[in-house]
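User: I'd like to learn how to read a fold from its atoms, one feature at a time. Can you walk me through it?

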Amino acid sequence: MKAGIVGLPNVGKSTLFNCLSNAKAQSANFPFCTIEPNIGIVNVPDPRLEKLEELVQPVRVQPATVEIVDIAGLVKGASKGEGLGNQFLANIRETDAILHVLRCFDNDNIVHVDGKIDPIRDKETIDMELQLKDLETVDKKLEKVKRAAKTGNKEAQKEEAVLLKIKTSLEAGISVRALEFSEEDYEDFVKPSQLITDKPVMYVCNVDEGAAVSGNAYVDLVREAVKDENAEVLVLAVGTEADINELDDYEERQMFLSDIGLDEPGSSKLIRSAYKLLNLQTYFTAGVKEVRAWTVDVGATAPQAAGVIHTDFEKGFIRAEVIAYEDFATLGSEAKVKEAGKMRVEGKNYIVKDGDVMHFLFNV
């Protein structure tokens, strides 16, 4: 599962990517500095993993990860190939969620591609390009579907109605994620179309250091503009995060954060939010050899969770021994959890809960 960082050129995308992944993507004060998408595998900060490590004292610890893609800056006309548009749009299509970076700071030394700071206009520019690309996709599909619908094909007629609804909305500047469909229509017709504006989105407001805690007037405008989108707005001082990242000493980093009024790096919040945006959750395995966080989709069953470790675990699944994280953390060990009668045995239909500590029994 991948989250793609998008935005206009020079809004702080590559600097943010560097903060998240510690990879040094090229970052310079001119557009199209990033051409190939940079991909980073980022650890998901999780205090529960630290607590399990403290209690179990394993040989090694393995956190959950999420894949972040730094996609080059889009410009007006990208849907028609302006800039490096087609390539960038193809890169966005391959991601599962969008982290949309908006410039919400003034700095005369960093040029803006449109000459003036206006995060709402920037957002609308990107939205329009993505909507136009989706409109192109929908129009192509409609051509085929309409022919089949004319022959009386009931399935094609249903798909035509759904596609026409999407087309009308896109022409009115409304993204697909803002529309409502029946579960059946969504699974059969919308999801297979892989439309860019159907992807979940989070807006990252890139502010200066003084606005890192409370935001600023630009952020207020963004919050107002997206209030009907069911999208999270995260405030991040990307340049400051980059400075903190350069410090090797943990204590120094904590002092820097404390000085600007933060209890943790904003990048940690962003990674956790991206993980949630991708509809992912974590379960743990905890033994003396390894304490590990495993990633599963929200709603995954116990056998599916077992399959993340190894496909044989899913095929030969018998049962799972499950401890709620809170019980493990409170009682302090697996043995004490068992003594207290807090370990559960669950079967194939068990839906995994975020934070479950699990042990699988299987037979292949």
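User: Let's start with helix H10: is H10 mostly covered or mostly open, and how many of its 12 residues are buried?

Analyst: Keep in mind that this is a predicted model. As for H10, 9 of its 12 residues are buried, so it counts as mostly covered, given that buried means under 20% relative accessible area. The buried ones are Gly266, Ser267, Ser268, Leu270, Ile271, Ser273, Ala274, Tyr275 and Leu277. The helix runs over residues 266-277 and reaches 16 Å from its first C-alpha to its last, close to the 16 Å expected at 1.5 Å a residue. Just after H10, Asn279 takes a positive phi of about 65 degrees.

User: And the chain as a whole: what percentage of its 364 residues is buried?

Analyst: Buried residues come to 48% of the chain. The secondary structure adds up to 14 helices and 12 strands. For contacts with a separation of 6 or more, 68% are between residues 24 or more positions apart.

User: How do I read a nonpolar core, and which residues touch the most other members of the largest one here?

Analyst: The general idea is that in soluble globular proteins, nonpolar side chains tend to be buried together. Here the largest nonpolar core has 70 residues, and Leu16, Ile68, Leu99, Val222 and Leu270 touch the most other members. Take Ile68: beyond four places in sequence, its contacts include Ala3, Ile5, Phe17, Leu20, Leu99 and Ala274.

User: Where does Met202 sit, and is it buried or exposed?

Analyst: Met202 is in strand S6, residues 201-206. Its relative accessible area is 0%, so Met202 is buried. Leaving out residues up to four places away in sequence, Met202 touches Leu270, Ser273, Ala274 and Leu277, among others. Ile98, Leu99 and His100 are also among its contacts. Asn230 is 28 residues from Met202 in sequence, with 9.3 Å between the C-alpha atoms.

User: What about one face of a helix: which residues of H2 are buried?

Analyst: In H2, residues 47-56, the buried ones are Arg48, Leu49, Leu52 and Val56. Looking down the axis of H2, those buried residues fall within an arc of 100 degrees, so they line one face of the helix. Pro47, Glu50 and Glu54, on the other side of H2, are exposed. The cover over the buried residues includes strands S3, S8, S9 and S12, plus helix H13.

User: How many aromatic pairs does the structure hold, and what should I look at in a pair?

Analyst: There are 4 aromatic pairs. A pair of aromatic rings is described by the distance of the centres and the angle of the planes. For Phe284 and Tyr325 the centres are 6.4 Å apart and the planes are at 45 degrees, so that pair is tilted. The two rings come from distant parts of the chain, with Phe284 in strand S8 and Tyr325 in helix H13, 41 residues apart. Phe284 is buried, with a relative accessible area of 0%, and Tyr325 is buried at 13%. Elsewhere, ring pairs join Tyr283, Phe317 and Phe360 into a cluster.

User: Which residue contacts Tyr283 and Phe360 from helix H11?

Analyst: That's Ala305, which is placed in H11, residues 302-309. Setting aside neighbours within four places in sequence, Ala305 is in contact with Tyr283, Val296, Val352 and Phe360. Ala305 is buried, with a relative accessible area of 0%. The C-alpha atoms of Ala305 and Tyr283 are 8.2 Å apart, with their positions 22 residues apart along the chain.

User: Which charges sit over rings?

Analyst: Lys165 lies over the face of Phe181, at 4.6 Å from the ring centre. The charged end of Arg292 sits over the ring of Trp294, 3.9 Å from its centre.

User: Last one: where is Gln57, and what is its phi?

Analyst: Most residues other than glycine have a negative phi, and most peptide bonds are trans. Gln57 has a positive phi of about 50 degrees although it isn't a glycine, and it lies in the loop between H2 and S3. Gln57 is exposed, with a relative accessible area of 62%. Gln194 also has a positive phi of about 50 degrees, and lies in the loop between helix H6 and S6. Gln194 is exposed, at 51%.

Conventions: Residues numbered from 1 in each chain as written. Predicted model: local features only at pLDDT ≥ 70, side-chain atom pairs only at ≥ 80, totals over all residues. Heavy atoms only, no water. Helix = DSSP H or I, 4+ residues; strand = E, 2+ residues; numbered from the N terminus. Expected span 1.5 Å × (residues − 1). Buried < 20%, exposed > 50% of the residue type's maximum accessible area, 1.4 Å probe, protein only. Core = buried A, V, L, I, M, F, W, Y, C linked by side-chain atoms within 4.5 Å. Contact = heavy atoms within 4.5 Å. Phe/Tyr/Trp six-rings, centres within 6.5 Å; stacked < 30°, edge-to-face > 60°. Lys NZ or Arg CZ within 6 Å of the ring centre and 35° of its normal. Arc of directions from axis to C-beta.
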